[in-house]
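This report walks through a few local features of one protein model, taking the cysteines, a hairpin, the nonpolar core and a pocket in turn.

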Amino acid sequence: MFQRLPEAAAGATVAFTLDGQPVTARAGDTVAAAVFALGRDACRQTAVTGAERGPYCMMGVCFDCLMTIDGIGNRQACLVRIAPGMAVETQHGKRVVGQ
Ligand code: FES
């Protein structure tokens, strides 16, 4: 669905995990951009129906990009810059209290 412009594809990479799988992103990307670049379009599943939701606004307004990042749920993936070693997980339902 999304594809980088060729001139934007080069550059340093950052290693992180997505749902436990080792992957890489371009340094400077947000978590949402990294997820899109990996070919995924869903970040979470809703609490009521389990329907998949993915980043929409990419600017912190819609809250459809909520993910669990480094063990903390309800993080807006479009506002968090990817970092080396980060553990990013699909959020299933609502955030678990204490995360
Ligand atoms: S994509 Fe809308 S808040 Fe993150």
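## Cysteines

Why is there no bond between the sulfur of C43 and the closest cysteine sulfur? In this predicted model, the closest cysteine sulfur to that of C43 belongs to C65, and because the two sulfur atoms are 6.1 Å apart, they are too far from each other for a bond. The cut-off applied to such a pair is 2.5 Å, and a search of the whole structure under that criterion returns 0 disulfides.

Both cysteines are nevertheless shielded from the surroundings of the chain: C43 is buried, with a relative accessible area of 0%, and C65 also counts as buried, at 2% relative accessibility.

## The β5–β6 hairpin

Strand β5, which covers residues 66-69, runs antiparallel to strand β6, which covers residues 72-76, and 3 bridges join the two. One end of this pairing can be placed at residue level, since L66 has Q76 of β6 as its bridge partner.

The two strands form a hairpin with 2 residues between them, and within that turn D70 has a positive phi of about 50 degrees.

## The largest nonpolar core

The largest nonpolar core contains 18 residues, and the members that touch the most other members are F16, V31, M67, I82, M86 and V88. At least two residues of this core come from each of β1 (13-18), α2 and β5, with α2 supplying the largest share, 4 residues.

F16 can be followed in more detail: when residues up to four places away in sequence are not counted, the residues that F16 touches include Q21, P22, V23, T24 and A25, together with A34 and L38. The contacts of F16 also include I82, A83, G85, M86 and V88, and of these I82, M86 and V88 are themselves named among the core members with the most contacts to other members.

## D29 and the largest pocket

Is D29 buried or exposed? D29 lies in the loop between β2 (21-26) and α2 (31-37), and at 4% relative accessibility it counts as buried. Leaving aside neighbours within four places in sequence, D29 is in contact with R4, A34, V80, R81 and I82.

D29 is also one of the residues lining the largest pocket, alongside F2, Q3, R4, R26, A33, F36 and A37. This pocket has a volume of about 180 Å³, and the largest share of its lining, 3 residues, is provided by α2. R4 therefore appears twice in this description, as a contact of D29 and as a lining residue of the largest pocket.

Notes: Residues numbered from 1 in each chain as written. Predicted model: local features only at pLDDT ≥ 70, side-chain atom pairs only at ≥ 80, totals over all residues. Heavy atoms only, no water. Pairing = 2+ DSSP bridges. Buried < 20%, exposed > 50% of the residue type's maximum accessible area, 1.4 Å probe, protein only. Contact = heavy atoms within 4.5 Å. Core = buried A, V, L, I, M, F, W, Y, C linked by side-chain atoms within 4.5 Å. 1 Å grid on protein atoms, 1.4 Å probe; cavity = no way out; pocket = protein on both sides within 12 Å on 5 of 7 lines; lining within 4 Å. Points joined across faces, edges and corners; volume = space filled by probe spheres on them.
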